[in-house]
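Visitor: Before we begin, could you set the sequence and the model in front of us and then take my questions in turn?

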Amino acid sequence: MKRRLLSVLGVLLLVLSAGCQRIPLHEAEAGVYLRVSVDPSLDPAMEALLDFDARPELRDKVVGKTPELVRACFYDAVSHELVKEDFLPAQGGFVDVPAGVYDVVVYSLGTEATQVSGTETRAGGHAFTSPTGSRVKMQGVSGKVDVEGGTDEQPVVFEPDHLFVGRIAGAMVPVHPADDETIVLSAELSRLSESWILEVAEVEGAERIRKAEVYLTGQAADRYLWDGRSSNGACALGFETEVDVTEGRLFAVFNTFGKCPLLETGVIVNVLVTTENGSRCRYVYDVTDQWLNPDNSAHRIVVEEPVEIPGDDYQGGGFDPIVNEWDGEAIPVIIE
């Protein structure tokens, strides 16, 4: 009986030893722990305009999905070249990084539309989205300035989904840390892109709308992870709006990397409406001043000019503009 008991204990020890695995990600071998937190907060002014209980689908779009994994990039503080990268759970973990002084960029993984490239150097890492294959071509207008015979053409790109990014400048990892000492680095991640609200407030005949699309020009094509800057290339975002027949309005929430940094580039809203009888008409608005208004912390663009949707007898077609302050300017949208 005693011999049998010893045999059973021996088998159990073999099973237990085989089932135990070392997970370096969570062990303090390196002596450096990267603590990661995510700040999902919104500006109170914007949050007050969105009812997430009634519209739960807006929460993921505006607040962003909580990441499950992050990538940590350690850059030499002098050369700004990538020395070490590691992949960690969203709350952080131990990293094996040699002694030195580092600038650290931490960003979330798992986005659907937003891509990251250029992370070999600190200044090169940037977020962007793919082009849709369409272009907005505005003839006779360049940004906000009327230019005779001029053409302002911008590619249409997909909306970004939220990438969370955190930064640590001058993080020091000593050569010989004290016994049992753990160097703790902390990075708080926040959204790199922005969410905005667009509303066309007075739409007469909203019940006659089959579909309403928006092409928003003057947007930044990317944003850099380390300092949040954008390149000078302008693009347009394309998205559909909701048609609120009861309130007589068009409403949309969209994400963007912000306005193109060039001062002469304006933010123009092109609303393309397809009516129930198949007619198509356009409404164009310059909303640059609203976009640049420093008091607009709610990120809300409101078009207050009344819009009248034509009836069944309307013979218009294609993208002929409706009469407004932009009347006489050809602003075709090229779909390729």
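Visitor: By class, how many residues of the lining of the second largest pocket are nonpolar, polar and charged?
Guide: This is a predicted model, and in it the second largest pocket encloses about 230 Å³ of space. Its lining is made up of 13 residues. By class, they are three nonpolar, six polar and four charged.

Visitor: Which residues lie nearest the centre of the second largest pocket?
Guide: Strands β11 (183–191) and β12 each give at least two residues to the lining of this pocket. Of the 13 lining residues, those nearest the centre are L42, R191, S193, E194 and H299.

Visitor: In β18, which residue is the bridge partner of E194?
Guide: Strand β12 covers residues 194–200 and runs antiparallel to strand β18, residues 249–256, the two being joined by seven bridges. E194, which is also among the residues nearest the centre of the second largest pocket, has as its bridge partner in β18 the residue T256.

Visitor: Which are the edge strands of the open sheet of four strands?
Guide: This sheet has mixed pairing and the order β17-β18-β12-β21, with a twist that averages 20 degrees from one strand to the next. The strands that pair on one side only are β17 (242–244) and β21 (300–303).

Visitor: Why is one side of β3 and of β4 left without a neighbour in the sheet?
Guide: The open sheet of seven strands, with mixed pairing, has the order β3-β2-β5-β10-β11-β1-β4. Its neighbouring strands are turned against each other by 20 degrees on average, direction ignored. One side of β3 and of β4 (92–95) has no neighbour in the sheet because both strands stand at the edges, each with a single partner strand.

Visitor: In the hairpin of β2 and β3, which residue takes a positive phi?
Guide: Strand β2, residues 69–76, pairs with strand β3, residues 82–89, in the antiparallel sense over seven bridges, and Y75 has L82 as its bridge partner in β3. The hairpin has five residues between the strands, and the residue with a positive phi, near 65 degrees, is H80.

Visitor: In β4, what is the bridge partner of Y33?
Guide: Strand β1, residues 32–38, and β4 pair over four bridges in the antiparallel sense. Within β4, the partner of Y33 is F94.

Visitor: Which residues are the closest to the centre of the largest pocket?
Guide: The largest pocket has a volume of about 360 Å³, and its lining divides into five nonpolar, seven polar and seven charged residues. Of the 19 lining residues, the closest to the centre are D60, K65, E112, D161 and H162.

Visitor: How many nonpolar residues are in the lining of the largest cavity?
Guide: The whole structure has two cavities of 30 Å³ or more, and the largest has a volume of about 50 Å³. Its lining includes V200, L250 and Y283, while β19 (268–275) and β20 (280–286) each supply at least two of the lining residues. With no polar and no charged residues, the lining has a nonpolar count of 10.

Visitor: Over which residues is the pLDDT below 50, with 11 contacts beyond near neighbours in sequence?
Guide: The chain has a mean pLDDT of 84, with 78% of its residues at 70 or more. One stretch under 50 is 140–150, which has 26 contacts beyond four places in sequence. The stretch with 11 contacts beyond near neighbours is residues 11–29.

Notes: Residues are numbered from 1 along each chain as its sequence is written. This is a predicted model: local features need pLDDT of at least 70, side-chain atom pairs count only at pLDDT 80 or more; totals for chains, interfaces and linings use all residues. Side-chain values use heavy atoms; hydrogens and water are left out. pLDDT is the predictor's confidence in each residue, from 0 to 100. Contact means heavy atoms within 4.5 Å. On a 1 Å grid over the protein atoms alone, a cavity is a set of points where a 1.4 Å probe fits but cannot get out, and a pocket is an open set with protein on both sides within 12 Å along at least five of seven lines; lining residues have an atom within 4 Å of a point. Grid points are joined across faces, edges and corners, and a volume is the space filled by probe spheres set on the points. Ala, Val, Leu, Ile, Met, Phe, Trp, Tyr, Cys and Pro count as nonpolar, Asp, Glu, Lys and Arg as charged, and the others, Gly among them, as polar. Two strands pair if DSSP finds at least two bridges between them. Axes are lines fitted to C-alpha atoms, for helices over the stretch in contact, and angles run from 0 to 180 degrees between N-to-C directions.
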